[in-house]
Amino acid sequence: MTHAGINELDWLLDDLLQQVVGADRAVVLSADGLLIGRSTNLSEEDGEHLSAVASAFQSLAKGTGRHFGGGAVRQTIVEMEHAFLFVTAAGHGACLALLTAEDVDMGLVAYAMNTMVKRVGAALSAAPRVEPQSAP
């Protein structure tokens, strides 16, 4: 992905944090856990860590759904003592993860994340692909 695509995703994630009271940090990650975009309040290292964690939870949820016939995973939610982690699919091969405060409005989070998934999907599909160059 180009640097311009990452900047666009970063801006979209910052916008999500402003829209949702209690939203703290956000990342877009590939299905295999690689960081694609992050809110600007996250260092690259913390963004990579959150991406890996979100990928692991999403993978566990998918495996559970397959094994027990629960179907496709729509959203994974981890409730912690002082925070929630929401992970949802964001187009083919990508996920959106949002870390929030413990008192967040979960309905607003679900709505905002679904809206953001549409925006992220458009940004990911619009990103120019770089073809590998062949050796001379």
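## Overall architecture

The chain contains three helices and five strands. This is a predicted model. Along the sequence, the elements follow the order α-β-β-α-β-β-β-α.

The chain comprises 136 residues, of which 40% count as buried. Among contacts with a separation of 6 or more, residues 24 or more positions apart supply 48%. The exposed area of the chain is about 8,200 Å², and carbon and sulfur atoms account for 54% of that area.

## Strand pairing

Strand E5 (94-101) takes part in two of the pairings described here. E1 and E5 run antiparallel and are joined by seven bridges; within this pairing, Ala23 has Thr100 of E5 as its bridge partner. E4 and E5 are likewise paired in the antiparallel sense, over seven bridges, and Leu85 stands opposite Leu99 in E5. E5 is mostly covered, with seven of its eight residues buried. The hairpin of E4 and E5 has four residues between the strands, and Gly91 in this hairpin adopts a positive phi near 90 degrees.

E3 pairs with E4 in the antiparallel sense through five bridges. These two strands form a hairpin with three residues between them. Ile77 has Phe86 of E4 as its bridge partner. The two faces of E3 differ in cover: Thr76 and Val78 make up the covered face, whereas Gln75, Ile77 and Glu79 make up the uncovered one. Ile77 therefore belongs to the uncovered face of E3, while its bridge partner in E4 is Phe86.

## Helix H2 and its cover

Helix H2 covers residues 44-68, a total of 25 residues. At 1.5 Å a residue, a helix of this length should span 36 Å, and the end C-alpha atoms of H2 are indeed 36 Å apart, so the expected and modelled spans agree. After H2 comes Gly69, which has a positive phi near 70 degrees.

The buried residues of H2 are Gly47, Leu50, Ser51, Ala54, Ser55, Gln58 and Gly65. Their cover includes strands E1 (23-30), E2 (35-38), E3 (75-79), E4 (83-89) and E5 (94-101). His49, also in helix H2, is instead exposed, with a relative accessible area of 55%. The C-alpha atom of His49 lies 9.1 Å from that of Gly33, a residue 16 positions away along the chain.

## Salt bridges

Two salt bridges are found in a search of the whole structure. One is formed by Arg119 and Asp15, whose closest N and O atoms are 2.8 Å apart. Arg119 belongs to helix H3 (residues 106-126) and Asp15 to helix H1 (residues 3-19), so this pair ties together parts that are 104 residues apart in sequence. The partners differ in exposure: Arg119 is partly exposed at a relative accessible area of 28%, whereas Asp15 counts as buried at 19%. The value for Asp15 falls under the 20% cut-off for a buried residue.

The other salt bridge links Arg25 with Asp24, with a separation of 2.9 Å between the closest N and O atoms. Arg25 is partly exposed, with a relative accessible area of 31%, and Asp24 is also partly exposed, at 32%.

## A buried aspartate without a salt bridge

Asp14 is located in helix H1, the helix that also holds Asp15. Asp14 is buried but forms no salt bridge. The nearest side chain of opposite charge is that of Arg38, at a distance of 8.5 Å. A salt bridge requires the side-chain nitrogen and carboxyl oxygen to be within 4 Å, so Asp14 and Arg38, 8.5 Å apart, do not form one.

Leaving aside residues up to four places away in sequence, Asp14 touches Ser39 and Thr40. Asp15, by contrast, has a salt-bridge partner in Arg119.

Technical notes:
Residues are numbered from 1 along each chain as its sequence is written. This is a predicted model: local features need pLDDT of at least 70, side-chain atom pairs count only at pLDDT 80 or more; totals for chains, interfaces and linings use all residues. Side-chain values use heavy atoms; hydrogens and water are left out. The expected span of a helix is 1.5 Å times one less than its number of residues. Buried means under 20% relative accessible area, exposed over 50%, partly exposed in between (1.4 Å probe, protein chains only). Contact means heavy atoms within 4.5 Å. Two strands pair if DSSP finds at least two bridges between them. Lys and Arg count as positive and Asp and Glu as negative; His and the chain ends are not counted. Accessible areas come from the Shrake-Rupley method with a 1.4 Å probe; for residues, only the protein chains shown count as cover.
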